[in-house]
Amino acid sequence: MRIAIDCDPGNGVPGANTDDGLALGLAVTAPELQLELVTTVAGNTPADVGAAVARELFREWRVDVAVVAGSRAPLVRDPAPWRRLLDREDLSEEHRRLWDGIPRPPAAGAGETDDGGLAAARALTRLVRANPGEITVVALGPLTNLARALRLDPAFARNVAGIAIMGGALAVPGRAVDTNFGYDPHAAHAVLTSGARVTVVPLDTTITTMLTPHDLDRLRRIGSPIAESLARTTAPWLRYSAETRGIPGCWLHDVLVVAMLVDPSIVTRRRGRLSVSLDEGPAQGAAAFFPGDDPDRDDPGGDALGAPVALVDGVDNAGLLEVFFGALTR
């Protein structure tokens, strides 16, 4: 499967999630996948920071894949409240010290051009236009770059083989909105209603995954440059996640989206319609799913019932880990 990954990696950034980096490691080692492009978007990290992280990982891994920095802000929404949360401005000194000795990515923005953040959208449209029906886009962050690609090329939705999205919170205790849909709800709505073939992996499913310290030791024992790099940069995040969330390790949100492309049998899916709220207020970006055997039926209420999607509603965590470790040990 030929894929492009749109992401917001944070390996080496204090307080930033490393699941994008783990997903990139799987994508470049799984023989079932051919990674052709990586674009970055503001989310878990600013777009330029994410690009620097991805390039540094690929440099360490000796992987030659183009990395293009993209949208620095949502289509409409003011990013400031989310940036204060995602940039961990309140990170304690104790937790910040967990990243001591972990090399920081190169300076953010080094070598980037001031194109209004459109470079990633342009790169995605060029790749998909040149290979109609061949490229699956894996969206692991807010959907701003994809929404802008749809604006640039009206045929993008028709030409893309599919879009696999990590996003949406349906019934997560204490979380009415997830980061990816909440950061840019207008982009999420645009992508879901584009007519593209969409699979959504919501937060409800990804928080049933887990990487534990035992799994991290297993990663270290592989001994390859990719495994060593991922283990080193994931260790502080795993400990921070465990201490602040009260869980045994860290969730594998983005890894799951890539792993299910390698082995679809590790997940269960159901068809239906997914909507994203654009109402002003704290619930902007909230997702709602309406299951149905015929999601393509006419909706007399316009898109009130949402857009047709395949929703991933279950995962075998042991199977997920075997896909991940199987690829990295080859």
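Pockets were sought on a 1 Å grid over the protein atoms alone, a pocket being an open set of points where a 1.4 Å probe fits, with protein on both sides within 12 Å along at least five of seven lines, and its lining residues being those with an atom within 4 Å of a point. The model is predicted, so that local features need pLDDT of at least 70 and side-chain atom pairs count only at pLDDT 80 or more, whereas totals for chains, interfaces and linings use all residues. Residues are numbered from 1 along each chain as its sequence is written, and side-chain values use heavy atoms, with hydrogens and water left out.

The second largest pocket has a volume of about 270 Å³, a volume being the space filled by probe spheres set on grid points joined across faces, edges and corners. Its lining comprises 15 residues, with Gly 162, Arg 197, Thr 199, Leu 261 and Arg 269 nearest the centre. Two or more lining residues come from each of β5 (162-166), β6 (198-201), α13 and β7 (267-276), and β5 provides the largest share, 3 residues. By class, this lining holds 9 nonpolar, 3 polar and 3 charged residues (nonpolar: Ala, Val, Leu, Ile, Met, Phe, Trp, Tyr, Cys and Pro; charged: Asp, Glu, Lys and Arg; polar: the others, Gly among them).

The largest pocket encloses about 630 Å³ of space. Among its 27 lining residues, Asn 17, Arg 88, Arg 175, Thr 179 and Arg 245 are the closest to the centre. The lining of the largest pocket divides into 13 nonpolar, 6 polar and 8 charged residues, and α12 contributes the most to it, with 4 residues.
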